[in-house]
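Okay, let's get going. I'll put the structure up, and then we'll walk through it piece by piece.

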Amino acid sequence: MPTTVLSVCRGRVKEVPHEGGLLRTAIFKEPARGPVRVTRLGLEGDAQADARLHGGPEQALLAYSGTHYPHWSAFLGRALEEGQFGENLTVSRLEEAEVRVGDSFRCGTAVVAIDVGGLRYTVVHRETGLLVPAQDERAFASALALLLAY
């Protein structure tokens, strides 16, 4: 079965309290209603809080596999809506281990390609994002709970 787009999500920049100050973020995405135009810089109507590290032609979209949602929903003990992980595209049946830099996919009339194999080298922990060790469910749940508290 082919991979399908489950949701297309956009967000706006907002300031949230964080460690005694304010953090500008656009991680809070919501599913769009109806078609959304994809440009070389991302989704029309979507914002990035820090253009140095997010967006642009090399990081125009963030996709996340919907196959992960049941696991995280069970782990956190509550329902999660698509876009909850800051992704622009929630996709079915496509996991990170299956894609490589250079792979391309058709999403409606747009063709998107994998250009950046992850944000590990561009995210500054607790400044521009949250980093957790691979396969560390508790650390990820803690980071997710921090984001969802806003």
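Before any burial numbers, one cut-off: a residue is called buried when its relative accessible area is under 20%. Keep in mind that what's on the screen is a predicted model. With that cut-off, buried residues make up 29% of the 150 residues in the protein.

So, the overall layout. We've got two helices and ten strands. Reading from the N terminus, the order goes β-β-β-β-β-β-β-α-β-β-β-α.

Let's start with the sheet. There's an open sheet of four strands here, its order is S4-S1-S8-S7, and the pairing is mixed. What's left without a neighbour in that sheet? One side of S4 (30-31) and one side of S7 (63-65), because those two strands stand at the edges and each has a single partner strand.

Moving inward, S1 covers residues 5-10 and S8 covers residues 89-91, and the two pair in the antiparallel sense over three bridges. If you want a spot to click on, Val8 stands opposite Leu89 in S8.

While we're on S8, have a look at Thr90, which sits in that strand. Is Thr90 buried or exposed? Buried, with a relative accessible area of 0%. The Thr90 side chain also has a polar contact, at 2.7 Å, with the side chain of Glu87.

Now over to the other sheet edge, S7, and the aromatics. Searching the whole structure turns up four aromatic pairs. Take Tyr64 and Tyr69: the ring centres are 6.0 Å apart and the planes are at 75°, so this one is edge-to-face. Tyr64 and Tyr69 are both buried. Then there's Tyr64 with Phe85, where the centres are 4.6 Å apart and the planes are at 35°, so that pair is tilted. What does the tilted pair tie together? Tyr64 lies in S7 and Phe85 lies in the loop between helix H1 (69-76) and S8, so the pair joins parts that are 21 residues apart in sequence.

For the accessibilities, Tyr64 has 14%, so it counts as buried. Phe85 is at 12% relative accessible area, so Phe85 is buried as well. Put the ring pairs together and Tyr64, Tyr69 and Phe85 are linked into a cluster.

Next, a hairpin further along the chain. S9 (residues 104-107) and S10 pair in the antiparallel sense, over four bridges. Phe105 stands opposite Val112 in S10. Two residues sit between the strands of this hairpin, and Gly108 takes a positive phi near 70° there. S10 itself, residues 110-113, shows two faces: Ala110 and Val112 are on the covered one, while Val111 and Ala113 are on the uncovered one.

Last stop, for anyone thinking about pockets. How much space lies in the second largest pocket? About 270 Å³. The residues lining that second largest pocket include Arg10, Arg12, Lys14, Lys29, Glu30 and Arg33. Also in the lining are Phe28, Pro31 and Ala32, among others, along with Gly11 and Gly45. By class, the lining has six charged, three nonpolar and two polar residues. And Glu30 brings us back to the sheet, since the edge strand S4 is 30-31.

That's my tour, so feel free to spin the model around and pick at any of it.

Technical notes: Residues numbered from 1 in each chain as written. Predicted model: local features only at pLDDT ≥ 70, side-chain atom pairs only at ≥ 80, totals over all residues. Heavy atoms only, no water. Pairing = 2+ DSSP bridges. 1 Å grid on protein atoms, 1.4 Å probe; cavity = no way out; pocket = protein on both sides within 12 Å on 5 of 7 lines; lining within 4 Å. Points joined across faces, edges and corners; volume = space filled by probe spheres on them. Nonpolar A, V, L, I, M, F, W, Y, C, P; charged D, E, K, R; others polar. Buried < 20%, exposed > 50% of the residue type's maximum accessible area, 1.4 Å probe, protein only. Phe/Tyr/Trp six-rings, centres within 6.5 Å; stacked < 30°, edge-to-face > 60°. Polar contact = N/O pair within 3.5 Å; in protein donor to acceptor, adjacent residues only side chain to side chain.
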